[in-house]
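User: I would like to go through the reasoning behind the labels used for this model. Please set each value against its criterion.

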Amino acid sequence: MPGRSKITSAPPGAVEDVLRQVGENIRIARTRRRLRLEDVARRMGASRLTLADVEKGKPGASAAAYFGALWALGLIHDGYELANPDKDEEGKALELSRLPQKVKRRTRLRT
């Protein structure tokens, strides 16, 4: 059986920070709504332990678990902005740099 991937066993610090913050945000949203772990977990189709891992920001929790929790809390709309290509300034600059500098002239077909 293969071992755990590096991204789940030892993620970069920035990834850990984001997961921890998203988990905390989910926990705050749940408690503000006065919902129990069990209730949100049931709605998202997961176990209470899975939701607890999400709220702790554990990297081993699946992306589906994070998005499922957001959906169960009515916050899934925020997920549409993740990796929005219109906001990827670096990607757009790289794409632009690869465009041809000159446009070839069209040749006329003689009839």
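**From values to labels**

Analyst: Arg 34, with a relative accessibility of 78%, is classed as exposed, because the label applies over 50%. The model under discussion is predicted.

User: Where does Arg 34 lie, and what is its phi?

Analyst: Arg 34 belongs to the loop between α2 and α3. Its phi is positive, about 55 degrees, although Arg 34 is not a glycine.

User: Why is Ala 83 called exposed?

Analyst: The relative accessibility of Ala 83 is 79%, and exposed means over 50%; Ala 83 therefore counts as exposed. Ala 83 sits in the loop between α5 and α6 (89-97). Its phi, near 55 degrees, is a positive value in a residue other than glycine.

User: What makes α3 roughly perpendicular to α5?

Analyst: The two helices α3 and α5 pack with their axes 9 Å apart and at an angle of about 105 degrees. Angles of 65 to 115 degrees count as roughly perpendicular, so that α3 is roughly perpendicular to α5.

User: Which residues make this contact, and how do they divide by character?

Analyst: From α3 come Val 40, Arg 43 and Met 44, and from α5 come Ala 65, Gly 68, Ala 69, Trp 71 and Ala 72. The residues of this contact are six nonpolar, one polar and one charged. Arg counts as charged and Gly as polar, so Arg 43 is the charged residue and Gly 68 the polar one.

User: What does Met 44 touch beyond four places in sequence?

Analyst: Leaving aside residues up to four places away in sequence, Met 44 touches Leu 51, Ala 65, Gly 68, Ala 69, Trp 71 and Ala 72. In the largest nonpolar core, which has 17 residues, Met 44 is among those with the most contacts, together with Ile 26, Leu 51 and Val 54.

User: Which helices supply this core?

Analyst: At least two residues each come from α2 (13-32), α3 (37-44), α4 (48-56) and α5 (63-72). The largest share, five residues, is that of α5. In soluble globular proteins, nonpolar side chains tend to be buried together.

User: How confident is the predictor in the chain, and which elements mark the extremes?

Analyst: The mean pLDDT of the protein chain is 91, with 95% of its residues at 70 or more. Among the elements, helix α1 (residues 6-9) has the lowest mean, 87, and α4 the highest, 98.

Definitions and conventions
Residues are numbered from 1 along each chain as its sequence is written. This is a predicted model: local features need pLDDT of at least 70, side-chain atom pairs count only at pLDDT 80 or more; totals for chains, interfaces and linings use all residues. Side-chain values use heavy atoms; hydrogens and water are left out. A nonpolar core is a set of buried Ala, Val, Leu, Ile, Met, Phe, Trp, Tyr and Cys residues joined through side-chain atoms within 4.5 Å. Buried means under 20% relative accessible area, exposed over 50%, partly exposed in between (1.4 Å probe, protein chains only). Helices (H or I, at least four residues) and strands (E, at least two) are DSSP runs, numbered from the N terminus. Contact means heavy atoms within 4.5 Å. pLDDT is the predictor's confidence in each residue, from 0 to 100. Axes are lines fitted to C-alpha atoms, for helices over the stretch in contact, and angles run from 0 to 180 degrees between N-to-C directions. Angles under 35 degrees count as roughly parallel, over 145 as roughly antiparallel, 65 to 115 as roughly perpendicular and the rest as oblique.
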